[in-house]
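Subject: Structure handover

Hello,

Here is the structure for you to take over. My notes on what was found follow below it.

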Amino acid sequence: TRTTTYFFIFLNLSLAVFEEPAVYPLPFLVTSLVEVLCLLVFFGRLTHFAKVTHRNVFWKDTKNICIMVAILLSLTDLTVYGVLRIYNIRSIRWSRIVRPIFLINFAESRQIRRAFRSIRNTLPEITYVFLLFMFSLLMFSLMALKLFGERNLQTAEGLPYFRNYLEIVFDLYVLVTTANSPDVMMPAFDFSSWYALFFIAFVIVNTYIFMSLFLAVVYNNYKKHLKVMFGGLYCD
């Protein structure tokens, strides 16, 4: 049933909370047994669907192929991780990234696939706004390097301040979210209060203008594709 399928999908996704590195760690044997149980349920659900569906229809459906590949990848990763763990070799459970495939591709997740399809169709249309934002970020980072790179400024921790271009890009990218405001500008502000104008201009252009524009483009295009999709369903 749909409830059972969703329950095991949720159980499979929630394993990330209990696996290393975990919020609430559980023994590897417990999490691995739960994951195997979920994969068996998914395989049984897929097998049942294959029996009630014509073979050509079943194998031409990419959703079924995606589920089968995700099951094989998860089992392979689980086996390799378990063997390496026996020999005390640390590794990473890379198959966690394929777990959302089960949520998207089962027949019961039709509404989720529609929303995902709308997001996928929206992405190409917001690329130009994103590229403009990245261009602005890179240009402001270059200006920051020229303004502060030769001042021999230091952060509160005694580290070099705005002397590495890639670190400047990252710091200003975080500043777009205002997560490191005003700490990121304090070394420059302590040197000269006029440098605050640079960060004020950056926040106005990138946080208030570009982020608002980006949100508007995403919303309008997503709404347009969703309306087209549901319009086609009503016509059918």
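A helix here is a DSSP run of H or I with at least four residues, numbered from the N terminus. By that rule, L197 falls in helix α9, which covers residues 196-235. One caution before the rest: this is a predicted model.

**Surface patch**

L197 is also part of a nonpolar patch on the surface. Its partners there are W194, I200, I204, Y208 and I209. Together the six residues have about 700 Å² of accessible area.

The UniProt record, an unreviewed entry, places a transmembrane region at residues 194-219, among others. Over that span the chain is 92% helix and 0% strand. Its end C-alpha atoms are 37 Å apart.

**Other annotated spans**

The entry also lists transmembrane regions at 26-44, 65-84, 126-145 and 165-182. Residues 65-84 are 100% helix and 0% strand, with 28 Å between the end C-alpha atoms. For "domain: Ion transport", UniProt (again an unreviewed entry) gives residues 6-224. That span is 71% helix and 0% strand, and its end C-alpha atoms lie 29 Å apart.

**Pockets**

The largest pocket has a volume of about 360 Å³. Its lining counts 16 residues. T155, E157, P160, Y161 and D171 lie nearest the centre. Which helix gives the most to this lining? α7 does, with 3 residues. α7 spans 165-176, and α8 spans 186-191; each supplies at least two lining residues. By class, the lining has 9 nonpolar, 2 polar and 5 charged residues.

The second largest pocket holds about 240 Å³ of space. Its lining has 5 nonpolar, 2 polar and 5 charged residues. E20 and P21 are among them, as are Y81, L84 and R85. The lining also includes N88, I89, R90, S91, I92, R93 and R96.

**Salt bridges**

Side chains of opposite charge can pair when their charged atoms come close. With a cut-off of 4 Å from a Lys or Arg side-chain nitrogen to an Asp or Glu carboxyl oxygen, the count comes to 8 salt bridges. One of them joins the side chains of R93 and E19, at 3.6 Å from N to O. This pair links distant parts of the chain, 74 residues apart. R93 sits in the loop between α4 (62-86) and α5 (100-105). E19 sits in the loop between α1 (2-14) and α2 (28-51). R93 thus appears twice in these notes: in this salt bridge and in the lining of the second largest pocket.

Over to you.

Best regards

Key
Residues numbered from 1 in each chain as written. Predicted model: local features only at pLDDT ≥ 70, side-chain atom pairs only at ≥ 80, totals over all residues. Heavy atoms only, no water. 1 Å grid on protein atoms, 1.4 Å probe; cavity = no way out; pocket = protein on both sides within 12 Å on 5 of 7 lines; lining within 4 Å. Points joined across faces, edges and corners; volume = space filled by probe spheres on them. Nonpolar A, V, L, I, M, F, W, Y, C, P; charged D, E, K, R; others polar. Patch = residues over 30% accessible without salt bridge, like charges linked within 9 Å, V, L, I, M, F, W, Y side chains within 5 Å. Areas by Shrake-Rupley, 256 points an atom, 1.4 Å probe, with all protein chains shown as cover. UniProt positions renumbered as here; feature names shortened; annotations may be inferred.
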